[in-house]
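Open the model in your viewer and keep the sequence panel beside it. Work through the stops in order, selecting as you go.

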Amino acid sequence: MTAAPTLQVRDPAAADQRRGRRRRNLRGWMFIGPVVLGTLLFNVIPVLPTLVTSFTDWDGLAAPKFTGVANYKEMFSGQDPLFGKSLINTAIYTIGYVPVGIIIGIALAVLVNNRLRGMAVIRALIFLPYVTSLVAVGVVSRWVFSDQYGVINAVLASFGITGPHWLGEPGSAMAAVIVTAIWANMGFNMIIVLAGLQGVPETLIEAATLDGAGRFSRFFHVTLPFLTPTIFMLLILQTIGSFQVFALVLVMTGGGPGDGTYVYIYHLWYEAFSLRRMGYASALAIVLFAVLLAVTWIQNRLSKRWVFYQ
């Protein structure tokens with residue numbers, strides 16, 4: 001005897017849930033679709049021809065000549081001393097810029113996170129340097145740090161102090177670039193942290209206040225844990241951005257004095273457009289991609305120890 005066919009009863013609630021999930025997924029892809037498409041077109045796909053070019057000797061005009069791993073061998077065998085120096089300078093810049101910039105961004109966000117009259121204007125003024133051209137920022141900073149007619153040395157002179165040659169010494173020149181970068185990007189950090197502050201539950205703040213927690217205790221034990229995902233995102237973005245610093249160095253110091261501010265992207269640019277070594281510059285770009293990938297992976301692994309997702 002054949003078994004009687006079983007009747008499948010549709011669950012209307014389950015069907016509605018599936019349709020609702022599909023609609024939410026569709027809306028999500030509609031929002032992130034342009035970003036994903038732009039990332040693929042302008043960030044991911046261009047890596048492939050760059051990778052191919054990195055194995056060639058090409059001046060940008062004549063037909064490229066395949067040279068295998070010669071470009072990478074030149075980098076890692078010590079034939080290019082500026083390769084290692086540019087990496088060290090970039091690491092110094094990153095260490096000096098990223099943590100201080102994030103801390104200042106957090107401090108500014110906490111200060112302006114009040115509903116007081118004129119606070120919107122203050123936020124706009126802090127954010128203004130971020131939307132200003134980096135070339136303009138670099139030109140102004142070059143004037144500010146000038147040893148002859150700069151504002152800083154003029155203020156020091158009013159107290160009888162002879163100011164240093166800021167852009168004429170490697171250490172002070174790198175410090176000047178870092179300070180300028182922090183000032184130019186503090187508005188971005190502030191806005192991102194300010195958005196994170198909006199997600200801190202007011203009920204927890206009120207409960208901590210009723211328990212007798214002071215302002216600093218509430219911040220470090222209630223607010224800051226909620227901000228760790230935002231801080232982690234800023235850490236990733238600012239680290240990647242710090243490895244790509246170029247415009248400020250080009251305008252303020254030109255990589256000098258000596259090779260004191262000769263950062264990695266400046267080296268890549270010099271090899272590509274001054275020496276017309278497009279193949280070697282492509283190899284430098286691939287190495288930078290690998291370094292950023294490794295640094296981001298390490299940061300992601302370490303984030304599990306201090307980032308708290310609610």
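The stops below run from record annotations to single residues.

**Stop 1: the annotated spans**

Keep in mind that this is a predicted model. Begin by selecting residues 87-299. UniProt, in an unreviewed entry, labels this range "domain: ABC transmembrane type-1". The span is 75% helix and 0% strand. Draw a distance between its end C-alpha atoms: they lie 19 Å apart.

Next, colour the ranges that UniProt lists as "transmembrane region", also from an unreviewed entry: 28-48, 91-112, 124-145, 175-199, 219-238, 245-266 and 278-298. Pick out two of them. Residues 219-238 are 100% helix and 0% strand, with end C-alpha atoms 23 Å apart. Residues 28-48 are 90% helix and 0% strand, and here the end C-alpha atoms lie 28 Å apart.

**Stop 2: a nonpolar patch**

Switch to a surface view. Select Trp29, Phe31, Ile32, Val36, Leu37, Leu40, Leu41, Phe42, Val44 and Ile45. Together they make a nonpolar surface patch of about 1,000 Å². Now click on Ile32, which sits in helix H1, residues 12-44. Why does Ile32 count as partly exposed? Its relative accessibility is 40%, and the partly exposed class lies between 20% and 50%.

**Stop 3: helix H12**

Go to helix H12, residues 264-274. Which of its residues are buried? They are Tyr264, Ile265, Tyr266, His267, Leu268, Glu271 and Ala272. Show the surroundings of these side chains. The buried residues of H12 pack against four helices: H4 (81-112), H10 (215-243), H11 (247-252) and H13 (278-303). Then step past the end of the helix. Arg276 follows H12 and has a positive phi, near 55 degrees.

**Stop 4: the salt bridges**

How many salt bridges does the structure hold? There are two. Select Arg277 and Glu74 for one of them; the closest N and O atoms are 2.7 Å apart. This pair links distant parts of the chain, 203 residues apart. Arg277 is in the loop between H12 and H13, while Glu74 is in helix H3, residues 70-76.

Add Glu271 to the selection. Glu271 forms a salt bridge with Arg277, and the closest N and O atoms are 3.2 Å apart. The shared partner joins Glu74, Glu271 and Arg277 into one network.

Now check how covered each member is. Glu271 is buried, because its relative accessible area is 5%. Glu74 also counts as buried, at 16% relative accessibility. Arg277 counts as partly exposed, because its relative accessibility is 27%.

**Stop 5: Ala173**

Finish at Ala173, in helix H8, residues 170-197. Is Ala173 buried or exposed? It is buried, because its relative accessible area is 0%. Display its contacts, leaving aside neighbours within four places in sequence. Ala173 then touches Trp166, Leu167, Thr253, Gly256, Pro257 and Thr261. Last, draw a C-alpha to C-alpha distance from Ala173 to Ile161. The two residues are 12 apart in sequence and 19 Å apart in space.

Key:
Residues are numbered from 1 along each chain as its sequence is written. This is a predicted model: local features need pLDDT of at least 70, side-chain atom pairs count only at pLDDT 80 or more; totals for chains, interfaces and linings use all residues. Side-chain values use heavy atoms; hydrogens and water are left out. Patches are made of residues with over 30% relative accessible area and no salt bridge: like charges are joined within 9 Å, nonpolar side chains (Val, Leu, Ile, Met, Phe, Trp, Tyr) within 5 Å. Accessible areas come from the Shrake-Rupley method with a 1.4 Å probe; for residues, only the protein chains shown count as cover. A salt bridge is a side-chain nitrogen of Lys or Arg within 4 Å of a carboxyl oxygen of Asp or Glu. Helices (H or I, at least four residues) and strands (E, at least two) are DSSP runs, numbered from the N terminus. Buried means under 20% relative accessible area, exposed over 50%, partly exposed in between (1.4 Å probe, protein chains only). Contact means heavy atoms within 4.5 Å. UniProt positions are given in the numbering used here, feature names are shortened, and annotations may be inferred rather than shown by experiment.
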